[in-house]
Amino acid sequence: MTAINPTVTAFNPDSTVPQPAGLLEALIARIEAEIRELQFPRFTKDDSLNLGLLLVELGKSRRLPIAIDITKGDQVLFHVALDGATPDNEHWIRAKQRTAARYEIPSLLVGLRGRLHGGRIEDHGWFDESTYAPHGGCFPVYVAGVGAVATVTVSGLPQQQDHDLVVEALREILESMQPG
């Protein structure tokens, strides 16, 4: 698990104002560490159900207006919209899911890496915003020794919060798979 110094302000991917140097790189490093940490021994349909139900439990207990999706290839394994979620969340789920599946990294990381040299990935003419969204909320499910096998997506909160909720649930499910 990666600890963040609480006295340091984190990079805000939704901000349009300049942010202190190093914050973007620190957030990228944190997400890269999450990828290394969140390597599953397997990922079955039962595991996807457990992950989806955990996200529902977290969402309901916190009264979050979110939609949740777990997809493997073209097969939707789990999908639900909680109270407060809107039809727009469905668009965001699909666009973030396509981004994470295409690049095989979290959708937030795609957007952050696009900012490394200034600008945004969305500003490039080749990036199709009607199909892809490099915004936080979709994280590939990685199986150790295999790679990305599915995606889990949350939409309805600011993008960093969508991302963090997915990571929280992935950690909890991965911990439940550990022996002992």
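These legends describe close-up views of a predicted model.

**View 1. The largest nonpolar core and its main contact makers.** This core holds 42 residues. Leu51, Phe139, Val152 and Leu170 touch the most other members. Helices α1 (23-37), α2 (45-61), α4 (107-114) and α5 (159-177) each give two or more residues to the core. So do the strands β2 (67-72), β4 (138-143) and β5 (147-155). The most comes from α5, with 8 residues.

**View 2. Contacts around Leu51.** Leaving aside residues up to four places away in sequence, Leu51 touches Phe43, Ile70 and Val152. Leu51 also touches Ala169, Leu170 and Ile173. Two of these partners, Val152 and Leu170, are named with Leu51 among the residues that touch the most other core members.

**View 3. The Phe40 and Phe43 ring pair.** The whole structure contains 2 aromatic pairs. In one of them, the ring centres of Phe40 and Phe43 lie 6.1 Å apart. Their planes meet at 75°, so the pair is edge-to-face; the cut-off for that class is over 60 degrees. Phe40 has 1% relative accessibility and therefore counts as buried. Phe43, at 9%, counts as buried too.

**View 4. The Phe139 and Tyr142 ring pair.** Phe139 and Tyr142 also pair edge-to-face. The distance is 6.1 Å centre to centre, with 85° between the planes. Both residues are buried. Phe139 is also one of the residues that touch the most other members of the largest nonpolar core.

**View 5. Arg102 over the ring of Tyr132.** Arg102 lies over the face of Tyr132. The distance to the ring centre is 5.1 Å.

How values were computed:
Residues are numbered from 1 along each chain as its sequence is written. This is a predicted model: local features need pLDDT of at least 70, side-chain atom pairs count only at pLDDT 80 or more; totals for chains, interfaces and linings use all residues. Side-chain values use heavy atoms; hydrogens and water are left out. A nonpolar core is a set of buried Ala, Val, Leu, Ile, Met, Phe, Trp, Tyr and Cys residues joined through side-chain atoms within 4.5 Å. Buried means under 20% relative accessible area, exposed over 50%, partly exposed in between (1.4 Å probe, protein chains only). Helices (H or I, at least four residues) and strands (E, at least two) are DSSP runs, numbered from the N terminus. Contact means heavy atoms within 4.5 Å. Rings of Phe, Tyr and Trp (its six-membered ring) pair if their centres lie within 6.5 Å; planes under 30 degrees apart count as stacked, over 60 as edge-to-face and the rest as tilted. A charge sits over a ring if NZ of Lys or CZ of Arg is within 6 Å of the ring centre and within 35 degrees of the ring normal.
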